[in-house]
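Visitor: I should like a close look at a single part of this model. Please take one helix and its surroundings, and then follow the related features elsewhere in the chain.

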Amino acid sequence: MIKDDLDKEKLVADFFVGHESEPLVMAPEDFFLIKKNGILDADIVLELQSEVETALGKGCFVIINDEDINACAMEKDGVPIIALYAGTTQKMLCDACIMMLSDEFLPEVGDMDACYHNISLDDHGMRTEGKNNSVVTVDISGDYTREAVGYMIASLAIHFIVYHELGHHKLGHIKNLREKYGLFYQEASHTDISEGYEEERKQMELEADSYAADLIVEKMDSLMERWGEYLDIDFGYSEMFQLLIPALVIMKENLPVEAYSVQEIESSFYYPNIIRISLIAMLVARKPHIKKVLWNDISAMFLEDEEYRKQFEEENDMVVLDESGNLIERAYDYFYALMIGGTEQIYTSIFVGNYSPAMFQADIKAMIWFRYLYK
């Protein structure tokens, strides 16, 4: 295992030709000078680094001193490498904290008097200062609980991104790219390589998402225990799922690749981002031990709040409970699809400012259709 940052920098330098940042590879303890909170700080990222490098064997995890939003898996001299751009972490943290300022987002969490209505990115943003711009400061509400939840959402997003890249190594994708196409970098251009390459890469990306979803689920118990102690509250799978949804939405909205038309989808490594995160959410929501908890909680909500149940049924043209009062499968799927769509709507109203209700409905229909097609 390569532990020295200078050795790591020499190893990855060829992949980042012309990079002017000094240093190229940043140590987590230097980059994460944000205040210690046991959720997303140097210790947490060092723990993630150790976990990933142990899984890679002789491989290494690096943070690249670059404001771009990206992560990648690669190989050099037989050494598997995972690179996370510093800008990715900064942007995930900024977006999550600003969303927590909105009174439309997670209204049951913390002190809502510390939130704002119709918040926009123009009013609040992220600043960096200190050595290598390593101190990340975000204008936040000042409410302790909502601030902590913002860090949790960002932490989940970053873990998922890194786990996805780990999946490319553990599932043999990087080895396959090297042996079959002579590629050593999974983000390599897909033009003029080989017929069928795009479809093979598309399958690889789905497999890496599935791998990351499994690891996030495995990580949930330890995160619930840590975060529960930090906030002195009980965390369960329902609460973790509610945090994972905005983590996926934030990740989706910042992904560098999007496909809209049939032609773009056919030539892209990825399905449309809204479909991609819908599939990830489905994989998590259908884990038996998580589904049991979510199912019971959603059922109880509809049973206890008749007014909301009738509104939900009318808006979505369905009956959510069967004759025995049990939640139906379709209502379960619709509920977390609406969680994704609703979170996306809040995100885009803050960061884009022109989200169309028609697009919101189209995204919901696309998620439902695709999930049932690939169930």
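Guide: In this predicted model, the part chosen is helix 12, whose buried residues are Arg309, Phe312, Glu313 and Asn316. These residues lie on the same side of helix 12, because the arc that they cover around the axis is only 95°. The face turned away from that buried side carries exposed residues, namely Glu307, Glu314 and Glu315. Glutamate thus appears in both sets, with Glu313 among the buried residues and Glu307, Glu314 and Glu315 among the exposed ones. The cover over the buried residues of helix 12 includes helix 11 (288-304) and helix 13.

One of the buried residues, Phe312, leads from helix 12 to helix 13. Phe312 has a relative accessible area of 2%, and it is therefore buried, the limit being under 20%. Its aromatic partner is Phe335; the two ring centres are 6.4 Å apart, and the planes make an angle of 40°, a tilted arrangement. Phe312 belongs to helix 12 (residues 306-316) and Phe335 to helix 13 (residues 329-351), so that the pair links distant parts of the chain, 23 residues apart. Phe335 also counts as buried, its relative accessibility being 14%.

The end of helix 12 deserves separate attention. Just after this helix, Asp317 adopts a positive phi of about 55°. Asp317 is a residue other than glycine with such a positive value, and its place is in the loop between helix 12 and helix 13. With a relative accessible area of 67%, Asp317 is exposed. Another aspartate can be set beside it: Asp232 also has a positive phi, near 55°, and is not glycine. Asp232 is found in the loop between helix 7 (197-231) and helix 8 (237-254). Its relative accessible area is 70%, and Asp232 is exposed as well.

The aromatic pair of helix 12 can also be placed in a wider setting, since the structure holds twelve aromatic pairs. Another of them joins Trp227 and Phe235: the ring centres are 6.4 Å apart and the planes stand at 65°, so this pair is edge-to-face. Both Trp227 and Phe235 are buried. In addition, Phe241, Trp295, Tyr332 and Tyr336 form one aromatic cluster.

Phe241 of that cluster directs attention to helix 8, where it is one of the residues that meet helix 10. Two packed helices are described by the angle between their axes and by the distance between those axes. For helix 8 and helix 10 (residues 273-285), the angle is about 160° and the axes are 10 Å apart. Helix 8 is therefore roughly antiparallel to helix 10, and the crossing of the two is right-handed. On the side of helix 8, the contact involves Phe241, Leu244, Ile245, Leu248, Val249, Met251 and Lys252. On the side of helix 10, the residues met are Asn273, Ile274, Ile277, Ile280, Ala281, Val284 and Ala285.

Notes:
Residues are numbered from 1 along each chain as its sequence is written. This is a predicted model: local features need pLDDT of at least 70, side-chain atom pairs count only at pLDDT 80 or more; totals for chains, interfaces and linings use all residues. Side-chain values use heavy atoms; hydrogens and water are left out. Rings of Phe, Tyr and Trp (its six-membered ring) pair if their centres lie within 6.5 Å; planes under 30 degrees apart count as stacked, over 60 as edge-to-face and the rest as tilted. Buried means under 20% relative accessible area, exposed over 50%, partly exposed in between (1.4 Å probe, protein chains only). Helices (H or I, at least four residues) and strands (E, at least two) are DSSP runs, numbered from the N terminus. The arc is that of the directions from the helix axis to the C-beta atoms. Contact means heavy atoms within 4.5 Å. Axes are lines fitted to C-alpha atoms, for helices over the stretch in contact, and angles run from 0 to 180 degrees between N-to-C directions. Angles under 35 degrees count as roughly parallel, over 145 as roughly antiparallel, 65 to 115 as roughly perpendicular and the rest as oblique. A crossing is left-handed if the near helix is turned anticlockwise from the far one by less than a right angle, and right-handed if clockwise.
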